[in-house]
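User: I've got a model open and want to talk through how it is put together. Can you take my questions one at a time?

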Amino acid sequence: MELSKTFDAAAAAGKWTSLWKERRYFNSTPDSRTPFTVVIPPPNVTGVLHMGHTLNETVQDILVRRARMQGLNACWVPGSDHASIATESKVVAMLKEKGIDKNTLSRAEFLEYAFQWKEKYGGIIYQQIEKLGCSVDWDRVSFTMDDHYYEAVIKVFVDLYNKGLIYRGARMINWDPAAQTALSDEEVEYKDVQGNLYYVRYQAVDNPEDYITVATSRPETIMGDVAICVHPDDPRYQHLKGKKVIVPLVNRQVPVIFDTYIDRSFGTGALKVTPAHDINDYNIGIKHHLEVIDTLNPDGTLSEAAQIFVGLDRFVARKKVVQQLQQNGLLIKEESYETRLGYSQRSGAVVEPRISTQWFVKMEQLAEPALKAVTQGAIKIHPGNRFMATYRHWLENVKDWCISRQLWWGQQIPAWYGPDGSLQVAATKEAALELFKANYPDIQPGDIRRDEDVLDTWFSSWLWPMEVFKGITEPENPEFKYYYPTSVLVTGQDIIFFWVARMIMAGLEYEQEIPFKDVYFTGMVRDKLGRKMSKSLGNSPDLIGLIDQYGADAVRFGIMISSPAGNDLLFDESSLEQGRFFNNKLWNALKLIKMWEQTEATEVDHSSTDFAGNWFQARLEQAKAEIQQLLEQFRLSEALKTLYSLIWDDFCSWYLEWVKPAYGQAIEQKTLQNTIAYFEQLLQLLHPYMPFITEEIYSLLGERSEALCVSTLAPATDFDSELLAQGELLKNVITQIRDARGKNNLKPKETIKLFIETTSSGKYEPLTAILQKQVNAEELKFTSEAITGCVVITLQQDKYYLELNQQIDVEAQKADLKSQLEYQHKFLNSVRVKLGNERFVQNAKPEVVELERKKEADALARIQTLEESLAVLG
RNA sequence: GGGAGUUUAGCUCAGUUGGUUUAGAGCAUCUGCCUUACAAGCAGAGGGUCGGGGGUUCGAGCCCCUCAACUCCCA
């Protein structure tokens, strides 16, 4: 069979994706094996996978594939979430383009459009997951708005309400005027912005000459002012006790109140109090029993209550108010001012603090066990405890969770209102009606109406690890009992509160069991300049484009090799290129071995191949143990680096060269078989990282009944460290001699004669054949005395004489040896200073002192060897 | 304003309880090679005193204090 010159990534990907699927390798059912369960963090149906997802899914696939090869029953559940705000706003925009106004549709009609939209665009992410090579169980695709899932969310709402953990109340909440919905605290992102501070004059009622100046960043809220607040000890305002001032533009008379809350150094030390539009003002308002005047509409325009500029957007109104104040001579000055503004994570609009009646989850009781689960070690966070402090801080200071959203796309809140506004919570209208009948025996279905709002998406996704196995709707089902708790959760550190902490709460509340044993947080993917990836910067590459260009294996390699555990990843396409080069390397190793298979087998001298094989065997076992340990610590990037170097350097550059027969000669059968076996093990180890090329090469290396992805990975065994040391010696000698050849401008084809002066020729015996071949020596002999006229190299106490067919540069040789000698003298000196220090000899551990003594002896021996070599050169 | 983290070669990072020689890797750089697996390659080489300062210790990249810069989280 003729192998193509290069690896065809696209062809291999297509072939293996369908073969894996056909053979149902990734479909899991409960059996007697230990389960290894992973639930995908469900991507948002509206989007496409970005580089952050790519990193995330790759990490999960590596863990899942490896677990599968270790004989565990691996189950990876794919899915997506309905992302209520983001999806609804996209659907609304889509309808608008069609000329349809959402408000003219019934709820049911709207949901039909939304589901159509989800079917059309939701599939894209699944295609991407597949193209990336993810070994998910496609029979288990879950969606947070599936029927059973919807039912689960309702069930949990009703249950928490009945337990007193959900309540409805009027609070100051974060309002998104663009999406026109409430947001939870976690959905608000704060950014520093340059704003203006306006100094506005409020005249005293009883004395037109007297006034108080207030600094405000939001002049458009003046119309909602109900008081001016100053510090009780502020000498500037003592005369205003019990007085009233006039609110500009609307001429309302409001009291001057006194409260120690005021920071006297800020602005003028006087605060205008607008309880409807600022959380702090709201609290002051409650304390001082002030009226609340809400001057804004839900869409961020000024309401009737504002009296002026009604209907204008808040930012437009701000300009108008400032203009008007200026005209009235009430604006003293304007100064620029650094402030922080809250932005909606979903719509990007500036969040408006607003008093609103919403549904909340009481968090305190749920938070406590969730904190314990992590602090007491039931759940381990990786890497290290980097996120422990953050997690703890949030849970110890947790605030109630606003879960209602003024949207249609989501689970509708199962609350029903009677004719008098009384409230009942029940899963169905029938059940609610029954509850109402206790007080209203004659009540009819038409008398009650359901709450219009839906629940926060996170109120559904916090049930994800349970409900994908129907753990809420059918808690006793055997699948749930088998797969839950899941093994590892891999996610971004940015959703530690939104999602991770809440899943832990839900798991402990409903199953009295943690949802996962390990949490692995990946960093954020940035561009190579360290900037966040964003659409506006245009620095976010298209995943499918990258896969088409480099192949999925190279993309996975590139993203993993540059992804230190938990750290942000600076994404650079050159790492993908490195991945492609690695593909090429693997492919060529295959080609070489295939070539050997085709040459006629003969009896050949195997003195060199025996050592090479034994050495590589030991090296392989050593690396396997290292990789095993690194993966247990979730150090996936380092494990890949180890593997990369094992394959490229140890296997290709050293081992294959050592066993490579001379041109035209055949390889010994046993060596060939061993080589294939080593290669297979390497492919197995690499498979979780680069699934396609490893499958392809594995299938070409021999006849297979099963694919590589379900082959069993043998655990690491003991290895002979003596062999490894000999291998190191051999590599060192080869490198040094090659270096000397280079320095003397020898062409690769020019041969040398090599003489080794050593007191332990035994250790060289198994190495000589390889050594001779690798440094192109026509002759290799041991000698007991110095040989003149040669290039001299020393390694430890051994000397190597290289006889060349040309004049050697004696001065350069001498200079080289002298610099080494100088190095040794300096080193010896530093060791002797240490050993000369009595306190060191007394205090340091005996083995440390012993080690220093050995260093001293080694250095002395090296110095002697070097001096002798110098003497030979004359 | 509060908290967490980071700072080691040009770049990205390792460096486990302080002592295995004068700190490692990959990429990049430089030199020499078109050697029939691979120029998407091969063979070599150079490069850092571990952010600054102080301290503890026989001994500090690692522990303590302090300053600085950057990142993130929270208010």
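User: How far apart do the C-alpha centres of domain 3 and domain 4 lie?

Analyst: Some ground rules: this is a predicted model, where local features need pLDDT of at least 70, side-chain atom pairs count only at pLDDT 80 or more, and totals for chains, interfaces and linings use all residues. Residues are numbered from 1 along each chain as its sequence is written, chains are lettered from A and ligands numbered from 1 in the order written, and side-chain values use heavy atoms, with hydrogens and water left out. Chain A splits into domain 1 (9-157 + 457-545), domain 2 (189-348), domain 3 (546-719) and domain 4 (751-770 + 778-873), with bounds from an automatic or database domain assignment. Between the C-alpha centres of domain 3 and domain 4 there are 35 Å.

User: Which strands stand at the edges of the open sheet that holds β26 and β29?

Analyst: Helices (H or I, at least four residues) and strands (E, at least two) are DSSP runs numbered from the N terminus, and two strands pair if DSSP finds at least two bridges between them. This sheet has four strands in the order β27-β26-β29-β28, with mixed pairing. One side of each edge strand is left without a neighbour in the sheet because each has a single partner strand; the two are β27 (777-783) and β28 (791-795).

User: Which residue of β29 is the bridge partner of Ile756, and of Ile793?

Analyst: Strand β26 (residues 752-757) runs antiparallel to β29 (residues 798-803), with five bridges joining them. β28 and β29 are antiparallel as well, again with five bridges, and they make a hairpin with two residues between them, where Gln796 in the turn has a positive phi of about 50 degrees. On the β26 side, Leu754 has Leu802 as its bridge partner. For Ile756 the partner is Tyr800, and for Ile793 it is also Tyr800.

User: At what angle does helix α26 run to β28?

Analyst: Angles here run from 0 to 180 degrees between N-to-C directions, with axes as lines fitted to C-alpha atoms, for helices over the stretch in contact (heavy atoms within 4.5 Å). Helix α26 (residues 846-873) lies across β28 and β29. β29 is mostly covered, with five of its six residues buried (under 20% relative accessible area; exposed is over 50%, partly exposed in between; 1.4 Å probe, protein chains only). Helix α26 runs to β28 at about 175 degrees.

User: Which helix gives the most to the largest nonpolar core?

Analyst: A nonpolar core is a set of buried Ala, Val, Leu, Ile, Met, Phe, Trp, Tyr and Cys residues joined through side-chain atoms within 4.5 Å. The largest one has 195 residues, and Phe459, Phe679 and Tyr689 have the most contacts inside it. With 14 residues, the top contributor to this core is helix α19 (residues 636-659).

User: Which residue of helix α19 is in contact with Phe679?

Analyst: Leaving aside neighbours within four places in sequence, Phe679 touches Leu586, Ala589, Leu590, Ile593, Phe651, Ile697 and Leu701. Helix α19 holds both Phe651 and Tyr655, four residues apart, about one turn of the helix. So the contact from this helix is Phe651.User: Is the aromatic pair of Tyr126 and Trp138 stacked or edge-to-face?

Analyst: Rings of Phe, Tyr and Trp (its six-membered ring) pair if their centres lie within 6.5 Å; planes under 30 degrees apart count as stacked, over 60 as edge-to-face and the rest as tilted. The whole structure holds 39 aromatic pairs. Tyr126 and Trp138 sit 5.8 Å centre to centre with 80 degrees between the planes, which makes the pair edge-to-face.

User: Why is the pair of Phe651 and Tyr655 stacked?

Analyst: Phe651 and Tyr655 are both buried, and both belong to one aromatic cluster that also includes Trp654 and Phe679. The pair counts as stacked because the ring centres are 5.6 Å apart and the planes meet at 15 degrees.

User: What is the relative accessible area of Leu395?

Analyst: Leu395 lies in helix α9 (residues 388-396). Outside its neighbours within four places in sequence, Leu395 is in contact with Ala367, Ala370, Leu371 and Met505. Leu395 is buried, and its relative accessible area is 5%.

User: Which residue in β23 stands opposite Val488?

Analyst: Three strands make an open sheet with parallel pairing, in the order β15-β23-β22. Six bridges join β22 to β23 (residues 516-522). Opposite Val488 stands Asp518.
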